[in-house]
Each structure stands twice: as C-alpha cells, then as structure tokens.
Amino acid sequence: MRRRSGATCGASPRSTRNRRDVRTQVGIVGAGPAGLFLAHLLQLRGIESMVIETRSREYVETRVRAGLLEQGTVDLMERTGLGERMRREGLAHHGIALRFGGRSHRIDFDALTGGKGVTVYAQQEVVKDLIAARLAAGGDIHFEVRDVSSVDVAEDRSIGKTMLFDAGHSLDERILAEQFVD
Ligand SMILES: Cc1cc2nc3c(=O)[nH]c(=O)nc-3n(C[C@H](O)[C@H](O)[C@H](O)COP(=O)(O)OP(=O)(O)OC[C@H]3O[C@@H](n4cnc5c(N)ncnc54)[C@H](O)[C@@H]3O)c2cc1C
C-alpha cells in the first residue's frame, strides 16, 4: 500500500482542530455495496483506496434493503473471492411457479437463460462480506464521519483533489486522492 498518513496541527478551514492528511489513489464516498465493491475491485488490481461513510459499521451491516442477487452479482462475488458464505448460506433459485387458471406454470430460469438463476442473499450480508474482505486486506473504511466536503485542487498539485471530513475525537481528516468517487 502506498498510503501515507501524518499528523499535522495546521489550521483547518473549520477551526483550530487537529488535522491529519491521508494520501490515497482513490477516495470513495459511501460504504454501500457500490463503494465497497469498488474498493474491493481496486484492491484486486493493486490500486489503493479509502472509503468514508457517515453511518456506523453496525448500521450499514444491518440496513435491510435488497434481498436477492442476480447471477451477474453472484458470479462477481465468486470471481473476486467473496463467494464462500453466500454459497453456504444463500438460497439459489432456478425457477418460480406462477399459479393461475387452476394450473401451475413453472418459469424455468435455467432453461430460459442458459443456466442463470437468482440467489436469496440479503444486501446487508453482501455488505458484511465486503467490509470483512476490505479490512482483512488491510484496507481503510472510515465510519461515522461528519461534515464531508470536497475541495477541488489540493495544495499539493500532484494530487488531484482533496476531501475534508470530521473524523471524530476532535480530528479533521483530509484525504488527498487522484480521484474521488461518490
Ligand atoms: C428500502 C429499500 C429497499 C430496496 N430493495 C431493493 C430490492 O429489493 N432489490 C434491489 O435490487 N434493490 C433494492 N433497493 C436498492 C438497493 O438497496 C440500492 O440499489 C443499493 O443500496 C445501492 O447501493 P449504493 O452503494 O449505490 O448506495 P447505498 O447503499 O445507498 O450506499 C451509499 C452509502 O453512502 C453513504 N453516504 C451518503 N452520503 C455520504 C457522504 N456525504 N459521506 C459519506 N458517506 C455518505 C450512505 O450512508 C450509504 O451508506 C432498495 C433500496 C431501499 C432504500
């Protein structure tokens, strides 16, 4: 990892709070499935990133939303080393039965799609797996950040953009990254 961090006590734009600068290649705003997947895929390509999230880890890991994964997501999770728990705990569906006119009509996903199905595995479980993989790989996720604001040009012009946020404990953190994704 190329990330470097160093504590500084320079004046932040907000106050005289302590400020720490962190350099990374890609700053990612939001630890939802999109941000976490992006961080995971970048990591596999050897690109460092940092994820910031306003909510707590517990909140994003228990936030109930989608419950079903389509085949593309299942394949992506398998391909990128995230499939173990999904395979064990998820419920693969290869078809459904629609009943009308006194008869049952099976919609056979496998036959109609050349082997694609859906897997019941809730979004919050995917998020848990992504967070666990990210942390196991030594990646950074900052939860419960506040007052996120972006500044277009860093003082160090070799770095494209900066993002400033309240990291808690009287500390403002500034991420200097080549790219930000939100
Ligand atoms: C109630 C509900 C039910 C749903 N059901 C289904 C379903 O059945 N099937 C389906 O396919 N999809 C469903 N969806 C949609 C699915 O949940 C979304 O498509 C998915 O969450 C999008 O992922 P994301 O990572 O892009 O965004 P999100 O999951 O919204 O993640 C974005 C993250 O960014 C954080 N954030 C926002 N602003 C900032 C900031 N300034 N700084 C730092 N962090 C920030 C948020 O706290 C959040 O954690 C549902 C959505 C909802 C709300």
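**Helix α6, its partner α1 and the ligand shell**

In α6, the buried residues are V126, V127, D129, L130, I131 and R134. These buried positions of α6 pack against α1, α2 (57-62), α4 (84-89) and β9 (140-142). The structure described here is a predicted model, and α6 is a convenient place to begin a walk through it. The helix has 14 residues, and the distance from its first C-alpha to its last is 20 Å, close to the 20 Å expected at 1.5 Å a residue. Just after α6 comes G138, whose phi is positive at about 80 degrees.

For orientation, the protein chain has 6 helices and 12 strands. Of its 182 residues, 25% are buried. Contacts that reach across the sequence are well represented: among those between residues at least 6 apart in sequence, 57% join residues at least 24 apart.

Helix α1 offers a natural companion to α6. Its 12 residues should span 16 Å at 1.5 Å a residue, and because its end C-alpha atoms are 16 Å apart, expectation and model agree. G35, L36, F37, A39 and H40 are the buried residues of α1. They pack against β2 (18-29), β3 and α6. Just after α1, G46 has a positive phi of about 75 degrees, and G138 likewise takes a positive phi just after α6.

How do the two helices meet? A pair of packed helices is described by the angle between the axes and the distance between them. Helix α1 (residues 33-44) and helix α6 (residues 123-136) pack at an angle of about 35 degrees, and their axes are 10 Å apart. The crossing of α1 and α6 is left-handed. On the α1 side, the contact is made by P33, L36, F37, A39 and H40, while α6 contributes Q123, V126, V127, L130, I131, A133 and R134. Sorted by class, this contact of α1 with α6 comprises 9 nonpolar, 2 polar and 1 charged residues. The burial pattern can be read alongside this list: L36, F37, A39 and H40 are among the buried residues of α1, and V126, V127, L130, I131 and R134 are among those of α6. An α-helix has 3.6 residues a turn, so residues three or four places apart point the same way.

Helix α1 also matters for the description of the ligand site. It gives the most to the shell around the ligand, with 3 residues. The ligand has 18 residues around it, of which G30, G32, A34, R65 and A66 come nearest. By class, the shell holds 9 nonpolar, 6 polar and 3 charged residues.

One of these nearest residues, G30, leads on to the end of the chain. D182 sits in the segment after β12 (171-181). Beyond its neighbours within four places in sequence, D182 is in contact with V29 and G30. D182 and I28 are 154 residues apart in sequence, yet their C-alpha atoms are 5.9 Å apart in space. D182 counts as exposed because it has 12 C-beta neighbours inside 10 Å.

V29 appears again in the surroundings of T54. T54 and V29 are 25 residues apart in sequence, with a C-alpha to C-alpha distance of 8.9 Å. T54 itself belongs to the loop between β3 (49-52) and α2. It has 17 C-beta neighbours inside 10 Å and is therefore partly exposed. With neighbours within four places in sequence left aside, T54 is in contact with E144, V145 and R146.

The first residue of that trio, E144, brings the backbone back into focus. Most residues other than glycine have a negative phi. E144 is not a glycine, but its phi is positive at about 55 degrees. E144 is placed in the loop between β9 and β10 (146-151). Its 14 C-beta neighbours inside 10 Å are why E144 counts as partly exposed. D147, also a residue other than glycine, has a positive phi near 50 degrees. This residue is placed in strand β10. Because D147 has 11 C-beta neighbours inside 10 Å, it counts as exposed.

A final stop is T113, found in helix α5 (residues 109-113). With 11 other C-beta atoms within 10 Å, T113 is exposed. T113 and H94 are 19 residues apart in sequence and 10.0 Å apart in space, C-alpha to C-alpha.

Key
Residues are numbered from 1 along each chain as its sequence is written. This is a predicted model: local features need pLDDT of at least 70, side-chain atom pairs count only at pLDDT 80 or more; totals for chains, interfaces and linings use all residues. Axes are lines fitted to C-alpha atoms, for helices over the stretch in contact, and angles run from 0 to 180 degrees between N-to-C directions. Helices (H or I, at least four residues) and strands (E, at least two) are DSSP runs, numbered from the N terminus. A crossing is left-handed if the near helix is turned anticlockwise from the far one by less than a right angle, and right-handed if clockwise. Two residues are in contact if their C-beta atoms, placed from the backbone, lie within 7 Å. Ala, Val, Leu, Ile, Met, Phe, Trp, Tyr, Cys and Pro count as nonpolar, Asp, Glu, Lys and Arg as charged, and the others, Gly among them, as polar. A residue is near a molecule or strand if its C-beta atom, placed from the backbone, lies within 6 Å of it. The expected span of a helix is 1.5 Å times one less than its number of residues. A residue is buried if 20 or more other C-beta atoms lie within 10 Å of its own, exposed if 12 or fewer, and partly exposed in between; C-beta atoms are placed from the backbone.
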